[in-house]
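Hello,

Here is the structure I promised to pass on to you. Please have a look at it first, and then read my notes underneath.

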Amino acid sequence: MNCLHCSKNAVITLQHGGLCKNHFLSYFEQKVFHTINKYQLIQRNDKLCIATSGGKDSLTVLHLTKKYLEKNNIPATNLFALAIDEGIADYREHTLIDLQKFCSEQNVQLKIVSFQDELGKPLDEAYPIINKDTQKKPCNVCGVWRRYLLNKHAAKMGATKVVTGHNLDDEAQVIIMNIFKANTKLAGRMGPISGIEESEHFIQRVKPLYFCAEKEVRLYALLKNFQVQFTECPYAKEGFRHHVQEMLNNFEQQYHGTKQSIINSFLELLPLAKEKEKGLSEEIKRCQHCGEAANKEVCNACLMKEMIARG
Amino acid sequence: MNITVLNEREHTTQDVTLTGKTLIDLLKQLKINPEVVIVVRNNEVITEDEILNDNDTIELLSVVSGG
């Protein structure tokens, strides 16, 4: 198949036709920059914390956010990278090596914080203890602690926004997961900018890759020669998300455009969900132990930390 | 025709006797959803309609990664 715009061989087939390497790279970057502009994800005076892991999504969003700042004459010193080392053997250590190299080449400041240092144990050791009392799956534990540490350290470093590498597939999966689990009250917090409204407790999260399919992100990282090893969290297949992911990929193969349609439908409903949530939001308190945001006296991260201390 | 398939996710190398002609024929034969792979031949990314040749070596890169 030839590129829609020139006679070169296509590297991807999109709904409207094939694109060669150069036209794909240009299409992808324009899509990301358009998302940033349309949803006003970045303001000139923002200090940006890029949530990174060393995987394809975070390296791509880091590279393109930096490129966006340079293109708009915003100092790249307004940006730093933050990584969370969960302590998952034979997984995270590989991606962190790639990340350190990438940040050094791109001249980006990188901070790494670990579950071990912050919460007393790596996930591999913490999860069985917490699971014993709560039946929580590793992804539940990891999710609570990752969000907690990202918010805490981004704030500590003066960030006004956290930029994440969530892509179109991630978002379509969460929309379907929330519907399947009747978690519709979470819907208002989703979208290209997280949260119902700006809050002193939470740093807003923005998603420049919101409209980029996972396949497009992997292709972009490959064509840009980003060093990304194939790594998969050993716990991923235990999660509900894995089943939804497979289901959506099967649907996409049979009915092209399914994931994009899920996102488009959701964005139509998002203003209503945000409006509804505004009236229902519980008061956000400060955790009595750590001072971070909590909807109870003690936040979930500290509750889990206590379970680990008890053993 | 004979095709050698390197699978990044499975860490495997497999020799396949392809009954069809194109990459999509190969993926169907291997029961792999094209949504979850990027395919490389001779360091070039190829699309599903590409006609394969006898003794080609094909690399399947996994789109899905992370946690």
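Below is what I found, beginning with the domains and moving on to the helix pairs and one loop residue. Please keep in mind that this is a predicted model.

Let me start with the overall layout. Chain A splits into domain 1, covering 1-37, and domain 2, covering 39-273. Taken over C-alpha atoms, the centres of domain 1 of chain A and domain 2 of chain A are 24 Å apart. Where the two meet, 13 residues of domain 1 of chain A are in contact with 17 residues of domain 2 of chain A. On the domain 1 side, helix α1 of chain A (residues 21-38) gives the most, with ten residues. By class, that side of domain 1 of chain A has eight nonpolar, two polar and three charged residues.

Next, one of the packings made by α1(A). Its partner here is helix α8 of chain A (residues 214-223): the axes lie 11 Å apart and the angle is about 120°. The pair α1(A) and α8(A) therefore counts as oblique, since that angle falls outside the 65 to 115 degrees taken as roughly perpendicular and is not over 145. The crossing of α1(A) past α8(A) is left-handed. From α1(A) come Lys21(A), Phe24(A), Leu25(A) and Phe28(A), which meet Glu216(A), Leu219(A), Tyr220(A) and Leu223(A) of α8(A). Sorted by class, the contact of α1(A) with α8(A) holds six nonpolar and two charged residues, with no polar ones.

A second helix pair is worth a look as well. Helix α5 of chain A (residues 123-134) packs with helix α6 of chain A (residues 138-156) at an angle of about 115°, their axes 9 Å apart. Here α5(A) passes α6(A) in a right-handed crossing. On the α5(A) side the contact is made by Leu123(A), Ala126(A), Tyr127(A) and Ile130(A), and on the α6(A) side by Pro138(A), Val141(A) and Cys142(A). The class count for α5(A) with α6(A) is seven nonpolar, no polar and no charged residues.

Finally, a residue outside the helices. Glu232(A) sits in the loop between α8 and α9 (240-254) of chain A. Is Glu232(A) buried or exposed? It is partly exposed, because 15 other C-beta atoms lie within 10 Å, a count between the 12 or fewer of an exposed residue and the 20 or more of a buried one. The C-alpha atom of Glu232(A) is 7.0 Å from that of Tyr91(A), although 141 residues separate them along the chain.

Happy browsing, and best wishes!

Technical notes: Residues numbered from 1 in each chain as written. Chains lettered and ligands numbered in written order. Predicted model: local features only at pLDDT ≥ 70, side-chain atom pairs only at ≥ 80, totals over all residues. Domains from an automatic or database assignment. Contact = placed C-beta atoms within 7 Å. Helix = DSSP H or I, 4+ residues; strand = E, 2+ residues; numbered from the N terminus. Nonpolar A, V, L, I, M, F, W, Y, C, P; charged D, E, K, R; others polar. Axes fitted to C-alpha atoms, helices over the stretch in contact; angles between N-to-C directions. Parallel < 35°, antiparallel > 145°, perpendicular 65-115°, else oblique. Left-handed = near helix turned anticlockwise from the far one by under 90°.
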